[in-house]
Amino acid sequence: MLCAGASRVSVLLCACSVMLGTLGQTGDPGDGQTPNAVRTEERRPTPETTREKNSTFSTKDHVRQSQALSAAEKEFILNRKRVSLKALNDLGVKCSLATVPHIAVLGSGGGQRAAVSLLGSLHQMEKDGLLDSVLYLGGVSGSVWSMASLYTDPQWSKNVGGAVSRLSGPEISPEQVLSWLSEAAKDEQFSLSDIWGLLTSAGIMKQLDHQRLSGVVTNAVNPYPIYNAMNQNCLKGPEKGKWFELTPHESGFTDLGLFVNSSLLGSRVHEAASGGQREMDLVRLQGIVGSVLSDEQTVLNSLPQQLKDLAGAAVTDENNLLDVIFLWTEAPQQVSGFFQVLDRYARAYHTLLKVTDIIKRYTKDPKVISDLNKLQKTMRENLNLNPAAWFGKKSPKQRKLILDRWSQKILEPLQSWSQSLDEGPVKDYVSLLPQKVFPAIGKWEWETIENFLFLYPDASVPSCVRLKQRLQLIDAGLMLNMAFPPLLGEKREVDLLIALDYSASEAFTTLTAARDYAAKLKKPFPEIDEKILLEERDCPKDFYVFEGKEKEPTIVFMPLFNRNNCKDAEEVKTKMAACSTFQPPFSQEKVEFLLETAKENVKRNKETLLREIKKAAERRRSRRSKEVRHLNLKTFTTRRH
């Protein structure tokens, strides 16, 4: 997860650091057709609402209710198996097209650490000839950043090095960034998800691609991507309303078995009918799946030491934020009464200063630079206030009046300056800030999309889904920081899950969360030795095998920092802290360190991975033989009677 556990004061500093990192600020030094597969499928209509333009499109034509693969995914996987069969035979794994094992690679959340490390792991798998054996690639949060970057290349699995080299390549120009922002801001649903996606895509992955979600798969050269989010509306509700998967063909609720074509996700009736719907692109996707900050409770559950560390690293001017942080850590009950005032003050003040810094770095116009200097001076004089003293003893009504006056005052200098600019691109782009960007930050508005299950006539659909006209999709790491849910059970029949854990939590946290999830939903999951969980969580090995027996997949679990690259538990913590999610974009030195660490983990365990792949193929072959014998026996018995 990105910036997990941050307060909204700290969140803005983190966001600005991400934005400024590479944009001007220096960073720190199966075939799916087995006889017993679930095949029930139906389309159910929902009532039309009276005002077509304000309702979701008619579900009778567009919602698929099924626990089976869609026809499009089934066809893709069959073609992908042909690629995998050749790769497996080259590796010495004996199997036929019908017995190709279903192998999935899962990347965890973990911000830039996860994004970079997943690229390193996949790059080494490509070098070792293992990548083409993989049918599925699933990610959450930071891992999706690298997935979005990879899938802009229709043949990326043949050249992962291309995506890796982009991390040290040229920066995205401010013109491209502002152009994308300008286009996105035209949409009535423009939100912080768009801004956050822009920050991660351009500022960290150094890529800005307009490709749509439904367009990322054109052939079976690459594994099938499954991006993952969760439905915030059901965060405290029933399990089946939480997990939301997004694939190039369909998107929907994994455990409800309700899906819509991904090209129509978020559409309304008139949009779906006319083809003018707002289809999600890969930049916006990154903003949505990495939006852990949109959860208010996560924002409030901040850790004092993290706040102190962040403030010390990011604050360079005299702005009294340290006083706020001190007040937060020493007397949180005093802050909670006017927390909203404090965080809105910090967000707007710092955003204005940081964004004007960006413009200054990329303009040579003396007049613009002079005007920006005057603007920043005005802001520092008028807005560099002590909010604790200003609001602390005021009544709620008085605070609101002060805040309203202050909100206007904070925008007036920028509005006045932007209006004085000569007509042209600079004025057009700068005008976006007070009109679109700062209001979104001030309101803390994140992406919501039209709910294709609004008023869906099925009692099995929980009210937190069915009665909400809009869906709030957020970072899946809030629930489970690895994409296990869509890859457990009969739908995709996965034999081997290669779980690459880059998260900052204790080792096995994602694994035990997945086990608990599987138990609640009665999905198959292998047994985990409790002794390992207890004794090795602080300094884990680099490779664990939790073996499946019948329907359970085998899970290969690979922690990023482990006893092979760390001498003890203390060094594990030190390396994790050095590459934490809660800091500005990584220096090139840190990027290289993470790439090499992830590569080495795969390289060192190539033979062990190959052994588990062979065992998965044997299990698939054995299961297939039993199914064929059972089918033959059933046919013979039927003919006799």
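This is a short talk on cores, helix packing and a few loop residues in a predicted model.

Hi everyone, and thanks for coming. First, the ground rules. The model is predicted, so local features need pLDDT of at least 70 and side-chain atom pairs count only at pLDDT 80 or more, while totals for chains, interfaces and linings use all residues. Residues are numbered from 1 along each chain as its sequence is written, and side-chain values use heavy atoms, with hydrogens and water left out.

Let's begin with the cores. By nonpolar core I mean a set of buried Ala, Val, Leu, Ile, Met, Phe, Trp, Tyr and Cys residues joined through side-chain atoms within 4.5 Å. Buried is under 20% relative accessible area, exposed is over 50%, and partly exposed is in between, with a 1.4 Å probe and protein chains only. The largest nonpolar core here has 126 residues, and Leu122 and Phe484 have the most contacts inside it. Helix α4, residues 111-127, gives the most to this core, with seven residues. Helices are DSSP runs of H or I with at least four residues, strands are runs of E with at least two, and both are numbered from the N terminus.

What does Leu122 touch, leaving aside neighbours within four places in sequence? Counting contact as heavy atoms within 4.5 Å, the partners of Leu122 are Val105, Leu131, Leu137, Leu150, Trp156 and Val160. Apart from the largest core lies another core, of 17 residues, with Ile172, Phe190, Leu198 and Ala202 among them. As background, nonpolar side chains in soluble globular proteins tend to be buried together.

Now, helix packing. Axes are lines fitted to C-alpha atoms, for helices over the stretch in contact, and angles run from 0 to 180 degrees between N-to-C directions. Under 35 degrees is roughly parallel, over 145 roughly antiparallel, 65 to 115 roughly perpendicular, and the rest oblique.

Take α7, residues 174-184, and α8, residues 192-203: their axes come within 11 Å and cross at roughly 160°. That makes α7 roughly antiparallel to α8. Their crossing is right-handed, meaning that the near helix is turned clockwise from the far one by less than a right angle, whereas anticlockwise would be left-handed. On the α7 side we find Val177, Trp180, Leu181 and Ala184, meeting Asp194, Leu198 and Ala202 of α8. By class, this contact has six nonpolar, no polar and one charged residues. For those classes, Ala, Val, Leu, Ile, Met, Phe, Trp, Tyr, Cys and Pro are nonpolar, Asp, Glu, Lys and Arg are charged, and the others, Gly among them, are polar.

Helix α8 also packs on α10, residues 282-289, at an angle of about 105°, with the axes 7 Å apart. So α8 and α10 are roughly perpendicular to each other. Contributors from α8 include Ser193, Asp194 and Trp196, and those from α10 include Val283, Arg284 and Gln286. The residues of this contact divide into four nonpolar, six polar and two charged.

And α10 has a further partner, α5: those axes come within 9 Å and cross at roughly 170°. That makes α5 roughly antiparallel to α10. Here Val144, Trp145 and Ala148 in α5 meet Leu282, Leu285, Gln286 and Val289 in α10. The class count is six nonpolar, one polar and no charged residues.

Finally, some loop residues. Is Gln155 buried or partly exposed? Gln155 sits in the loop between α5 and α6 and is partly exposed, with a relative accessible area of 43%. Gln155 and Asn222 are 67 residues apart in sequence, yet their C-alpha atoms are 6.4 Å apart in space.

Pro486, in the loop between β11 and β12, counts as buried at 3% relative accessibility. Beyond four places in sequence, Pro486 contacts Ile226, Asn228, Trp243, Glu245, Thr254 and Arg492.

Then there are two glutamates. Glu239, between β5 and β6, counts as buried at 19% relative accessibility, and its contacts beyond four places in sequence include Asp255 and Lys520. Glu447, in the loop between α20 and β9, is buried at 3%, and its C-alpha atom is 7.4 Å from that of Phe190, 257 residues apart along the chain.

Last comes Asn605, in the loop between α25 and α26. Asn605 is buried at 7% relative accessible area, and outside four places in sequence it contacts Asp542, Phe543 and Met558.

Thanks for listening!
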